[in-house]
Amino acid sequence: MSTLGPKILTVKCPKCSRVEKYTITDDDLKEIKQIGIARVGFLHGDHSLIINFDLTGFIRGAYVVPSDEIPSDVRTYYRDFKIISVPKIKSEIELIVIDEKNRIIDTRLADITGSGIIKIMNYMETYGDAVKGIARRIGISGRSYNILVKNSLIIIFTKLSSRQVESCIEYFSEGIKDPYSLQIVLQYIMDKTPDALKNEETRRRMNILINANKVKIKAKKGTNAIRFARASIIALWPELESVFDAIIRDPQKCLKQGYC
Ligand SMILES: [Zn+2]
């Protein structure tokens, strides 16, 4: 058993001389157990510092890479914000959540690299107070994003209105639990009007969809493929929900397919 207490590493960037103080986490210990070292990155601007260290806290290597080329398996930080970037969910709707309370930047639903994150954080440091409560846009890598600031969350997104994002904020205000399911919810609300967003039936469907991936995991194990199919149907063709249910309840089909 390890008797190590919290271990703090201090490392100076060879490029910009910034000093990073880093406390070894449980995730690092897990990685060290698996591959012998832990790898952690720090966004500094156009460049990032990556360090490799072992169980004793000895730094085996420290090197600098362009911020757009940080390997996806390196746990990366911007100041004291932890960046969550994997698994990457590809979608036409992008959403980045910056959680100031819990010090997390979640980019799993966005096609954005380290330099894009730097751009957002610099923008928020300069204009942070000014954008509160006002619709703003920010350009990152040639694309335009909307900004919504709500309580301690900064949400950067495409293809959706602020109302649409606000309508599902409860699903990520305490962190995105499941990015796949959230992406399905975002697709579902993309064409919803402000009135439709308040509609009870819309809310009910959103609540089914936010749990879609739980069903998907079960479906992979072969026990609940129908529920996953149902969640997918509601996401893509909500008007077919009752038709789907009618087919599944058809005793002939159930027996033949072995669903019930
Ligand atoms: Zn540096």
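Glu200, Arg204 and Asn207 are exposed on one side of helix α6, in what is a predicted model. Now turn to the other side of α6: here Met206, Ile208 and Leu209 are buried. These three span an arc of only 160° around the axis, so they sit on the same side of α6. There's a handy rule behind patterns like this: an α-helix has 3.6 residues a turn, so residues three or four places apart point the same way.

What does α6 pack against? Its partner is helix α8, and the two axes are 10 Å apart, at an angle of about 135°. That angle is why α6 counts as oblique to α8. The crossing of α6 past α8 is left-handed.

Here's who makes the contact:

| Helix | Residue range | Contact residues |
|---|---|---|
| α6 | residues 200–209 | Arg205, Ile208 and Leu209 |
| α8 | residues 225–236 | Ala231, Ile234 and Ala235 |

Sorted by class, the contact of α6 with α8 has five nonpolar residues, one charged residue and no polar ones. Two names should look familiar: Ile208 and Leu209 are part of the contact with α8, and both are buried in α6.

Elsewhere, have a look at arginine 143, which lies in strand β11 (residues 143–150). Is arginine 143 buried, exposed or partly exposed? It is partly exposed, because 13 other C-beta atoms lie within 10 Å, while a residue needs 20 or more to be buried and 12 or fewer to be exposed. Arginine 143 and threonine 158 are 15 residues apart in sequence, and their C-alpha atoms are 9.1 Å apart in space.

Terms used:
Residues are numbered from 1 along each chain as its sequence is written. This is a predicted model: local features need pLDDT of at least 70, side-chain atom pairs count only at pLDDT 80 or more; totals for chains, interfaces and linings use all residues. Axes are lines fitted to C-alpha atoms, for helices over the stretch in contact, and angles run from 0 to 180 degrees between N-to-C directions. Helices (H or I, at least four residues) and strands (E, at least two) are DSSP runs, numbered from the N terminus. Angles under 35 degrees count as roughly parallel, over 145 as roughly antiparallel, 65 to 115 as roughly perpendicular and the rest as oblique. A crossing is left-handed if the near helix is turned anticlockwise from the far one by less than a right angle, and right-handed if clockwise. Two residues are in contact if their C-beta atoms, placed from the backbone, lie within 7 Å. Ala, Val, Leu, Ile, Met, Phe, Trp, Tyr, Cys and Pro count as nonpolar, Asp, Glu, Lys and Arg as charged, and the others, Gly among them, as polar. The arc is that of the directions from the helix axis to the C-beta atoms.
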